[in-house]
Amino acid sequence: MRNNKLSATSKGLALDNNFRGAARKFVLLLILVALGWYLSGAYAPRINDFPAYYEAGRVVLEGRPGDLYSKLSVVFTNLPALSLLFTPLALFEYDTAWHILWWSSIASFVATLLLLAVSVRTRKPSDGASAFLPALIFLAYAPIMHRCLVLGQTTPLAVMLLAICVFLLLRGHNIGAGLALGALCALKIPPLLLLGVFAARRRWATVATAVAVLILTVSASWLWLGTEGMSQYAERVFGANTRGGLAAFNNQSLDGLWMRTFSDAGLTNWTPSPRPYATTIATSLSLLVIAIGVLLTGWKFFFSAPAIGRGASDTNTVELEVGLGAALMVLVLPVTWTHYFLLLSVPFALLPIWWQRNNLPGIRLATGVLLTGVLLTTWPHVHENSYYAARETLGSLRLILAGRTVGALLLLGLCMAGMILWNKTGTAKPSDRASAD
């Protein structure tokens, strides 16, 4: 009789677990449907950033690669060799090419979600619900994804490459991770800072592979366009930043924050303006504080790490390293466009599982800080340029625009705290900690 009761209880628990699992999947399905409807609002072709890619493909098809940086209606800011990626799009009419990129971006977004879910299950294979919170955190970045779609940007592809890099690192595939990281750095400039974090953590195989991909891409561009073409590229991408700062609403770097605070430069003016002394001092002090903070909190974290070559595998702190690199990449460069904040979705989604997996103290406080950072970096919704042009002198708006930057600072602070706690609890017996799951 007792055995029958236990059997019935076990079945009840199993059914309950199955119901909870089904309920989670149903909730995620409803969210995905709602997000699909929301993102479909960006399906109509627009003239924002996409013409730069489309026209780059056109000049290559027409045998005029020398016009990449001189005669396009919209500035092309990628390496010359990457224009070959957009050549297939130029075979179609503009509207069709837009829709191809739109669907490719949606596919990248979904693929990133799946990669993160599998990565989380790798970390906590015994917990079937472990992927639920990371999935919700990642999907919270739909407003930034919407911004990418409206602009016709390639950032969703960049985020997928970052997720692939993390996915492979967690499996000890260091060379493959380096290939993904190299492609990411060739596509976007900010992830170069992630190379620095991995180098400090002595992930030599991954870093060397990524650098090799970059050298190959730059060399191919140089051989193709020569010194003149590369000079035009350097001027377009790097030269403008030496002549001033941008207070534009979509520049979410620390420099952009201080430009909006101490200058009256317009929120829709993308011509660099002279930096007031207050902006220069505030930016310099901010970067100095960040550098000192990372150095003090990460000294032992970085310099006690073993060298990680091709055959070596140290996956214990991958999420923390990616979080640190992602926070730095959106904060320290002079220009960080709003759509780059989609890159933060990967570390924000993975850090809660990393923190819990390693039994680090302060999980509730860390989760609160993390969710606050997610809210700040994903909201408010980005409006059209005309909205900001009509409110350029509104002090409260210029202040609100600092929200994403503050959210990135919270991620940075969380990573610093993570390094300190890892130094105290994670370095003594990493093998024991890794086998605890």
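**Cavities, pockets and ring pairs in an all-helix model**

In this predicted model, the largest cavity has a lining made up of Leu351, Pro352, Trp355, Ile363, Ala366, Thr367, Leu370 and Leu414. Two elements give two or more residues each to that lining, namely helix H13 (345-357) and helix H14 (363-378). H14 is the top contributor here, with 4 residues. Sorted by class, the lining comes out at 7 nonpolar residues, 1 polar residue and no charged ones. The space inside the largest cavity is about 50 Å³, and the count of cavities of 30 Å³ or more stands at 3.

As for the overall picture, the protein is built with 18 helices and 0 strands. It runs to 437 residues, and 51% of them count as buried. Take the contacts between residues at least 6 apart in sequence: 78% of these join residues at least 24 apart. The exposed surface adds up to about 19500 Å², with carbon and sulfur atoms supplying 68% of it.

Then there is the open space. The largest pocket holds about 1200 Å³. Its lining has 39 residues, and those closest to the pocket centre are Val75, Thr77, Leu246, Val335 and Trp337. H2, helix H5 (142-151), helix H7 (174-187) and H9 each put at least two residues into the lining of this pocket, and H9 gives the most, with 4 residues. The class split for the pocket lining is 25 nonpolar, 9 polar and 5 charged.

Aromatic rings come next. The model has 21 aromatic pairs. One of them brings together phenylalanine 50 and tryptophan 98 in an edge-to-face arrangement, with 5.7 Å from centre to centre and 90° between the planes. Phenylalanine 50 belongs to helix H2 (residues 50-61) and tryptophan 98 to helix H3 (residues 94-123), so this pair links distant parts of the chain, 48 residues apart. Both phenylalanine 50 and tryptophan 98 are buried. Phenylalanine 249 and tyrosine 388, on the other hand, make a stacked pair, at 3.9 Å centre to centre and with 5° between the planes. Because phenylalanine 249 sits in the loop between helix H9 (204-239) and helix H10 (254-262), while tyrosine 388 is in helix H15 (residues 385-389), the pair ties together parts that are 139 residues apart in sequence. Phenylalanine 249 and tyrosine 388 are both buried too. Beyond single pairs, there is a cluster in which ring pairs link Tyr53, Tyr69, Phe76, Phe86 and Tyr233.

Phenylalanine 249 turns up again around threonine 338, as one of the residues in contact with it. Threonine 338 is placed in the loop between helix H12 (318-331) and H13. Despite that loop position, threonine 338 counts as buried, because its relative accessibility is 2% and the cut-off for buried is under 20%. With neighbours within four places in sequence left aside, the contacts of threonine 338 are Ile144, Phe249, Asn250, Gln252, Val382 and Arg404.

Definitions and conventions: Residues numbered from 1 in each chain as written. Predicted model: local features only at pLDDT ≥ 70, side-chain atom pairs only at ≥ 80, totals over all residues. Heavy atoms only, no water. 1 Å grid on protein atoms, 1.4 Å probe; cavity = no way out; pocket = protein on both sides within 12 Å on 5 of 7 lines; lining within 4 Å. Points joined across faces, edges and corners; volume = space filled by probe spheres on them. Nonpolar A, V, L, I, M, F, W, Y, C, P; charged D, E, K, R; others polar. Buried < 20%, exposed > 50% of the residue type's maximum accessible area, 1.4 Å probe, protein only. Contact = heavy atoms within 4.5 Å. Areas by Shrake-Rupley, 256 points an atom, 1.4 Å probe, with all protein chains shown as cover. Phe/Tyr/Trp six-rings, centres within 6.5 Å; stacked < 30°, edge-to-face > 60°.
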